[in-house]
Every structure is written in structure tokens, then in C-alpha cells.
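Here is a friendly walk through one model, written for someone who likes to have atoms and distances to hand. Please keep the viewer open as you read.

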Amino acid sequence: MRCRECGYYSPRWLGRCPGCGEWETFVAEASGKQKKTTKAAGGSPTAVPIPLNTIPVDEESRYSSGIAELDRVLGGGLVPGSVVLVGGDPGIGKSTLLLQSAHHISRFSPVLYVSGEESGLQVRLRAERVGTLDPNLYLASETDIEVVEQHIEALKPRVVVIDSIQTAFYSELAAVPGSVGQVRECTLRLTRVAKTTGIPILLVGHVTKEGLLAGPRTLEHMVDTVLYLEGERHHSFRILRGVKNRFGSTNEIGIFEMTAKGLAEVANPSRLFLTSGSKPVSGATVVSSLEGTRPLFVEIQALVTPTGFGNPRRMTAGVDYNRVILMAAVLEKRVGLGLSNQDIYVNAVGGAKLMEPAVDLGIALALASGFRDVPLEQGVVVIGEVGLTGEVRPVRGIDQRLREAAKLGFRKAVVPEANRGDLSFAGMEIEVVSTVARALDQLMRS
Ligand code: TYD
Ligand code: MG
């Protein structure tokens with residue numbers, strides 16, 4: 001019996017896992033055989049100690065995945081011998097992304113795409129949608145991990161894609177594919193293949209309803225890199241995020257748009273999150289959110305209407321509910337806006353998700369503008385965190401945000417007074433503000 005959360009082993013079923021404290025997480029696995037093979041993994045012949053300084057370092061040895069946004073999230077490309085797990089909800093585009101990458105790499109060297117979920121014909125039809133097929137792209141509709149290992153041995157591909165790890169199984173284990181024991185064992189075996197051959201292996205992993213990768217949490221510990229592909233089903237853009245990366249930063253994100261020809265890289269992602277309307281409307285502002293090293297610009301819209309009956313309603317999409325409540329309270333107390341009997345709805349355009357505090361000031365201004373029904377100035381990006389006294393607090397990466405904003409054609413930026421010292425960029429009109437009240441005065445002069 002093994003805990004599906006943390007992989008804790010127990011000879012019998014336990015209601016509560018002593019390892020992680022979760023309830024009812026124990027599931028069966030064929031433990032006897034598992035032990036044997038695990039031991040074999042530790043005893044592989046390459047495990048001879050060698051002086052660390054004799055191991056060659058070669059940044060050039062990373063391979064490009066053929067997709068710039070994917071390379072960025074990987075930290076510069078695929079590292080030889082690494083195992084990368086790509087997780088995400090079903091239907092979000094994991095297979096499409098990895099097939100596209102496989103397709104790019106196969107123009108130069110053979111790639112093995114192992115599909116346990118779809119037939120050869122299905123994969124072919126999909127591959128044809130995303131580009132012309134290269135004879136170097138090999139497909140195996142296979143779920144038996146030992147057969148997959150033989151294929152890798154025979155083909156010696158440059159890169160292997162396993163779609164998905166939940167369909168792979170090791171025939172010596174009694175457990176069903178997708179169970180803890182199977183997922184662990186198959187990942188372990190593939191990790192060994194990657195380390196001994198130097199071939200990078202990309203694994204697709206589905207996310208369960210609880211938001212975890214199906215299978216044990218330990219899967220995340222076993223691989224070198226964990227990436228999540230996320231997005232809203234009703235919006236076309238997708239964000240690839242690093243959750244763990246032994247070879248790079250996890251701050252970077254990759255942005256894609258799902259098109260009829262697969263996932264397309266988005267050169268200017270902010271256009272997805274800005275409405276193109278040229279008429280000024282009340283309740284709308286543009287904020288900046290720094291995702292890794294890349295500033296994103298997103299329009300925020302607030303609708304403020306008198307409450308008809310009962311308690312006022314507050315609803316948010318794409319922005320933090322609690323931050324919105326907080327901003328409403330700050331406006332009420334520090335600026336004197338009577339928001340307590342108003343319904344408040346706040347949206348981030350395009351299905352973006354904004355978690356950074358630097359969007360506070362933008363939310364506050366959108367609320368005030370929506371309440372007074374006075375539009376804010378056009379072409380302005382609003383940057384700043386807001387404290388409980390209504391003070392505007394400094395944000396990180398101010399110069400980077402301004403440079404990018406200027407490139408996108410914003411005319412003016414509202415920035416925290418406290419960031420004045422960090423300002424070296426002078427390519428646009430800049431207004432420094434110290435409090436929310438001051439910011440309102442400066443932007444709602446009309
Ligand atoms: P898929 O890669 O199969 O998702 P996953 O492997 O994460 O389950 O993506 C499936 C969705 O993507 C499907 O709903 C259709 C859509 N799609 C496109 O819009 N354009 C395309 O070119 C492709 C291949 C898929
Ligand atoms: Mg798939």
C-alpha cells in the first residue's frame with residue numbers, strides 16, 4: 001500500500017497517512033516486484049563516482065525544442081538526459097504542444113512519439129494539421145513500457161515523447177495503468193533510460209480533478225522539470241508555466257494561442273488582453289503584471305451599480321477577489337466613495353489571471369471610474385500596489401514594464417512615487433503618485 005499523495009509505504013491500509021497527514025490516500029500496488037526493480041535502478045553501471053570537475057559542461061549541448069516559448073520555459077532548451085513532465089487539464093493542448101515540438105526536432109534528427117491514448121491515424125491527422133510530416137518522426141502506439149524501451153534502443157532518437165505517462169504500464173506489475181505503482185515504476189524506468197542514453201524524454205501527465213497530477217506526488221520529485229500548460233477552455237490562449245526546473249528558473253512563462261493549425265507562439269501577448277475600443281468608457285484601465293521577466297499588459301474592467309435588493313454583490317474574474325474587496329474598502333475609507341451599497345463586478349479581459357500586487361492601483365482606479373461613471377484617460381498604463389492607508393507602494397521591475405509599455409504604444413504611465421529612484425527610462429510621459437486619492441485627482445480631471 002502506498003500513499004497517493006506522498007508515496008509513503010505501508011504494508012497495510014491506513015486511514016490517515018503518517019507521511020503527509022492526508023486521509024484515505026492509500027492505494028494498492030504490487031510491492032514485492034516493485035522493490036526488486038527499484039534496486040536494479042540504483043545499481044546501473046554508470047553510477048561509478050567520478051570527480052565533479054571532470055564532468056564536461058556544455059551549455060551548447062541543450063537542444064532547441066523548436067518552439068521558442070517552450071525553450072524559454074525550459075531555461076534555454078532541452079538538457080540531454082533530462083526528463084520533463086508536461087501537466088495540464090485534458091484537452092488543454094499538451095499533445096498538440098509536444099507533437100509540434102517533436103515535429104520541429106524531426107526535421108534534423110529522428111524523434112519517437114509514443115502515444116498510448118490515440119491511434120496512429122489520429123496522431124497522423126493531428127500532425128498534418130500542425131505542419132507537413134517528416135519521415136524522421138516515428139510513432140509508436142504502445143503502452144508497454146518494456147516495448148517502448150526496446151523502441152528507444154533500436155531507433156536511438158534525439159528526443160522521446162510519452163503521451164501519456166498514465167497509459168504506460170509495466171507488465172510485471174499487477175496494478176492497472178495509471179495507478180500509483182505503475183506511474184512510479186514507468187517513470188523510474190524512463191528516467192533510467194534518459195540518464196543512461198542522454199536522450200531527453202518528455203512525459204505528458206494528466207491533472208486529476210483535485211488539481212494534482214494523477215499518480216503520486218512523488219512523480220514531481222522523480223523528474224527534472226515540471227511544466228504546466230494552463231488556460232481557460234473558452235479562451236484561445238494558453239500559458240506554459242515552470243513549476244520545477246533543475247536547469248533553469250521557474251519564473252518564466254510561455255504564451256501560446258490555440259489556432260486551427262495547433263499552438264502558435266504569441267509575439268505580443270498583451271494584444272490578447274486589451275480591448276481595441278477607441279472610445280473612452282468608464283470603469284476600464286490597463287494594468288501591468290510581471291510574469292517572470294516579461295511584463296504583460298491587461299485591461300481591467302469594473303462595473304459598479306447600485307444594489308437593488310439585499311446584500312451587495314461582489315464578483316471577480318481573473319483578479320483576486322480579496323484584493324478587490326480590499327480596494328473597495330480603501331476607496332470607501334480613504335477617498336470617501338460610497339461603495340458599500342453598490343454591486344461590484346471586476347473582470348480581467350481575455351481570461352488572464354492576475355495575481356501580482358502591482359495591479360492594485362489599476363483595480364482601485366477602475367472601481368472609482370466605474371462608480372463615478374467618468375472614463376479615465378486613454379492610453380495610460382497604471383502600475384502600483386496599494387496599502388491599507390491608501391498609500392501607493394513600489395513595485396519591482398518598473399523600468400522593464402515601462403520599456404515594454406512604450407513599445408506597445410502606451411502614451412503615459414502612472415507609477416508609484418516610491419519607485420521614482422528606479423526610473424531611468426524616459427521614453428514616455430510618467431506621472432508619479434503617492435496615494436490612491438492623488439492618482440484619482442490626476443487621472444479623472446475631465
Ligand atoms: P490536445 O493536445 O489533444 O489536448 P491534451 O493532450 O492536453 O488532452 O488538444 C485538444 C484540443 O485542442 C482540442 O479540443 C482541439 C484543439 N485543437 C485546435 O484547436 N487546433 C489544433 O490544431 C489542434 C491539433 C487541436
Ligand atoms: Mg492528449
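The structure, a predicted model, holds 23 salt bridges. Three of them are set out below, each with its distance between N and O atoms.

| Pair | N to O distance |
|---|---|
| Arg-124 and Glu-128 | 2.7 Å |
| Glu-185 and Arg-189 | 4.0 Å |
| Arg-411 and Glu-377 | 3.3 Å |

Let's take these pairs in turn. Arg-124 and Glu-128 both belong to helix α4, and because they are four residues apart there, about one helical turn separates them. Are these two partners buried or exposed, or something in between? Arg-124 has a relative accessibility of 47%, so it counts as partly exposed. Glu-128, at 39% relative accessibility, is likewise classed as partly exposed.

The pair Glu-185 and Arg-189 has a similar layout along the chain: both residues lie in helix α6, four residues apart, which is about one turn of the helix. Their surroundings are another matter. Glu-185 is buried, with a relative accessible area of 1%. Arg-189 also counts as buried, because its relative accessibility of 9% is under the 20% cut-off.

What does the pair Arg-411 and Glu-377 tie together? Arg-411 sits in the loop between α10 (398–407) and β19 (412–416), while Glu-377 sits in the loop between α9 (360–372) and β16 (380–382), so their salt bridge ties together parts that are 34 residues apart in sequence. Both partners are partly exposed: Arg-411 has a relative accessible area of 43%, and Glu-377 has a relative accessibility of 29%. The pair also belongs to a network, in which salt bridges with shared partners join Glu-377, Arg-411, Lys-412, Glu-429 and Glu-431.

Helix α6, the home of Glu-185 and Arg-189, deserves a second look. Why does its end-to-end length agree with expectation? The helix covers residues 180–197, and its 18 residues should span 26 Å at 1.5 Å a residue; the end C-alpha atoms are indeed 26 Å apart, so the two values agree. Most of α6 is covered, with 13 of its 18 residues buried. Just after the helix comes Gly-198, which takes a positive phi of about 80°.

Now to the ligand. Ligand 1 is surrounded by 15 residues, and the closest are Gly-91, Ser-95, Thr-96, Thr-259 and Gly-262. By residue type, the shell divides into four nonpolar, six polar and five charged. Which elements each supply at least two residues of that shell? They are α3 (94–105), α4 (120–130) and β10 (253–259). Of the contributors, α3 gives the most, with three residues.

Some individual contacts are worth picking out. The side chain of Ser-95 places an N or O atom 2.6 Å from an oxygen atom of ligand 1. From the side chain of Arg-126, an N or O atom is 2.9 Å from a ligand oxygen. Ala-260 takes part through its backbone, where an N or O atom lies 3.2 Å from an oxygen atom of ligand 1. Taken alone, ligand 1 exposes 550 Å², and the protein buries 75% of that area.

Since α3 came up as the main contributor to the shell, here is a little more on this helix. It has twelve residues and reaches 17 Å from its first C-alpha to its last, close to the 16 Å expected at 1.5 Å a residue. How many of its residues are buried? Eleven of the twelve are, so to speak, under cover because they fall under the 20% limit. Among them are Lys-94, Ser-95, Thr-96, Gln-100 and His-103.

Towards the start of the numbering, Gly-15 is found in the loop between β1 (2–3) and β2 (26–27). Gly-15 has a relative accessible area of 25%, so it is partly exposed. Its C-alpha atom is separated by 7.5 Å from that of Phe-26, eleven residues apart along the chain.

Finally, the view from further back. The secondary structure of the protein chain comes to eleven helices and 20 strands. Along the principal axes, its C-alpha atoms fill a box of roughly 75 × 50 × 50 Å. Of the 446 residues in the chain, 50% are buried.

Note on methods. Residues are numbered from 1 along each chain as its sequence is written. Chains are lettered from A and ligands numbered from 1 in the order in which they are written. This is a predicted model: local features need pLDDT of at least 70, side-chain atom pairs count only at pLDDT 80 or more; totals for chains, interfaces and linings use all residues. Side-chain values use heavy atoms; hydrogens and water are left out. A residue is near a molecule or strand if one of its heavy atoms lies within 4 Å of it. A polar contact is a pair of N or O atoms within 3.5 Å; within protein, one must be able to donate a hydrogen and the other to accept it, and residues adjacent in sequence count only if both atoms are side-chain atoms. Accessible areas come from the Shrake-Rupley method with a 1.4 Å probe; for residues, only the protein chains shown count as cover. Ala, Val, Leu, Ile, Met, Phe, Trp, Tyr, Cys and Pro count as nonpolar, Asp, Glu, Lys and Arg as charged, and the others, Gly among them, as polar. The expected span of a helix is 1.5 Å times one less than its number of residues. Buried means under 20% relative accessible area, exposed over 50%, partly exposed in between (1.4 Å probe, protein chains only). A salt bridge is a side-chain nitrogen of Lys or Arg within 4 Å of a carboxyl oxygen of Asp or Glu.
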